[in-house]
Amino acid sequence: MSPWHDDHPARLDIEQRLASDHLARTIDRAVARLDLAALRATYGRTGSEAHPPERLLRVVLYEIRRGRHGPADWHRDAQECEPVRWLLRGAVVSRSCWYAFRDRVAPLLLGLNAQVLAQALDAGLTTATRAAQDGTLVAANASRHKLVNQATLHKRVEQLLAACADDRPMVMPATGVAAAAVPAATAGVTAGPAAVGGPAPRQAVPGAEAAVAPPATLPAAPAWLAASAVGRQRQQQRLGQAQQRLAELQGQNQQKWPSKRKAAEAIVVSLSDPESVVGRDKEKVYRPLYNVQVVADLDSPLVLGYEVFAQQNDAGVLGGLLAQVRQQLGHGLKEMLADTAYAGGADLAAAQREGVTVYAPVPGDGVEYPKQIPKREFSWQAAEQTYVCPQGHRLVFEESWREKRVGAGVQVWRYRCPAEHCQGCPLQARCTKTPAKGRVVTRQEHEELIEALRARMGTAAAQALYRLRGQNVELVNADWKEHRKLRRFSGRGLSRVRGEVGLVVLAHNLVTVEAGEPKARAKQARVDATNPVANTT
């Protein structure tokens, strides 16, 4: 069936029922403004003619905005949903085409989002110099009941290798052409002549009937083992990925201090999506998941940057996000609002290299009843390179070492107050449990950046600015989960998950620009009307 032309009765019939502000019309106008040359270049010049990629992109963005994230949903709605049929102009698109398009467009989404942000800057919707960052955990498309540790994975690999070794080509008796492999380790399969080339002829024994041995039944295969040779080959690939991922997790575990390491058997991986990380989400459910990071503009509803990580915490992600935002916008941010997880020394150092001022609560400062006098009560003397306790006593440097951290280490210096001061100190009960040894205070690399952040957050201006974070990026995450149904990913693997988030961001920004540009033009017209002299000079 050929696509509808502009005056096709079916297209006009649907169009007249679409409201002027219908989402399908908004997406249709927004995509028309994008340069899709890179997307078109991904198609070859051979084979049958491809569906116009701009039509497929319109449908995908419309569906994503409605909370429909799976290619199977797009295929179904292309037949049943009138706005989708209008966007497709009545074209019939196969199910496999939707899956292929999802993977085709994923690597190009950063570039497409950069185009939308450029449109927003040209329209004056924002200056894009202030932003807020936050992360949220989204469930992977994998079962939380089928997690394996190293011992279980090793056992399955051995079972699968044994099953694949028994696979053998089946020879057709008449032609001698090899057919599909016969799974010898599948439950219920018998190992006898009938299983390979049909019934064998009986051999006559003089004076008696030939004795025919009954077929030998192989032991039942594990329930998880694929029934076909092709399925077992796919399982081999997934188990190989799981082995690589588990080795990576084991290596990260070994980088930790012995007191913080997990037992080897406690480290598990998902066989359905080995790239995901297993941990507890916001509902305290232990499952495979991904960490979605969002950088939202403070002066508009736009999303300036995003990334997906296979890690449960937010530590160490700030630098990469700031670099991506700079690439997307063509310029860097000046101010970033974040939560406590991004206020570590390494993240603050990365922000400093990017020229970004971070506003975030300092870790530990919010504890109402600390177990001992916190380190912030000790004054750091930069010239003398030592601390002074609240009672005015100088601490003595003891030692320095490189502390293990996942990804990179950090230098630590230790200082101790002489015992004679601690034993007679009036603050002894609040300061240390071992006055005979003296109070110990450690100082880490980039500690001066944390101290500067503490001083900055103590000002009224910083507190007023930080209140904007709850009105901004928190609403973006809430909208995505509640209205865009981004609670569980559709695809598997980091590349597909990242592409799914990229589609959500692209749809979000396109709708934002389409809604914001008329308001910006109207605002500029009012300014020009009130100041006609400036408009003519």
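**A tour of two cavities and two loop residues**

Begin by selecting helix H14 (419–423) and helix H15 (428–431), since each of these two helices supplies at least two residues of the lining of the largest cavity. Keep in mind, as you move through the tour, that what you have open is a predicted model.

With those helices still highlighted, add Cys-389, Cys-417, Cys-422, Cys-425 and Cys-431 to your selection, for these are the residues that lie nearest the centre of the largest cavity, out of the 14 residues that line it. The space enclosed there comes to about 100 Å³, and if you colour the lining by class, you should find 8 nonpolar, 5 polar and 1 charged residues.

How many cavities of 30 Å³ or more are there by the rule used here? The count is 2, and the second largest of them, with about 40 Å³ of space, is the next stop. To display the lining of this second largest cavity, select Ile-64, His-69, Pro-71, Trp-74, Arg-102, Ser-490, Arg-496, Glu-500 and Leu-503. Two elements give two or more residues to this lining, namely helix H5 (71–80) and helix H19 (494–530), and the largest share, 3 residues, comes from H19. Colouring by class here gives 4 nonpolar, 2 polar and 3 charged residues in the lining of the second largest cavity.

Now leave the cavities and turn to the backbone, keeping one rule in mind: most residues other than glycine have a negative phi.

Select Lys-284, which you will find in the loop between strand E8 (277–280) and strand E9 (286–297). Phi of Lys-284 is near 65 degrees, which is a positive value in a residue other than glycine. Is Lys-284 buried or exposed? With a relative accessible area of 63%, Lys-284 is exposed, because the cut-off for that word is a relative accessible area over 50%.

For the last stop, select His-446, whose place is in the loop between strand E17 (440–444) and helix H16 (447–457). Here too the backbone deserves a careful look, as phi of His-446 is near 70 degrees, a positive value in a residue other than glycine. The relative accessible area of His-446 is 24%, so this residue is described as partly exposed, a term that covers values between the cut-off of under 20% for buried and that of over 50% for exposed.

Key
Residues numbered from 1 in each chain as written. Predicted model: local features only at pLDDT ≥ 70, side-chain atom pairs only at ≥ 80, totals over all residues. Heavy atoms only, no water. 1 Å grid on protein atoms, 1.4 Å probe; cavity = no way out; pocket = protein on both sides within 12 Å on 5 of 7 lines; lining within 4 Å. Points joined across faces, edges and corners; volume = space filled by probe spheres on them. Helix = DSSP H or I, 4+ residues; strand = E, 2+ residues; numbered from the N terminus. Nonpolar A, V, L, I, M, F, W, Y, C, P; charged D, E, K, R; others polar. Buried < 20%, exposed > 50% of the residue type's maximum accessible area, 1.4 Å probe, protein only.
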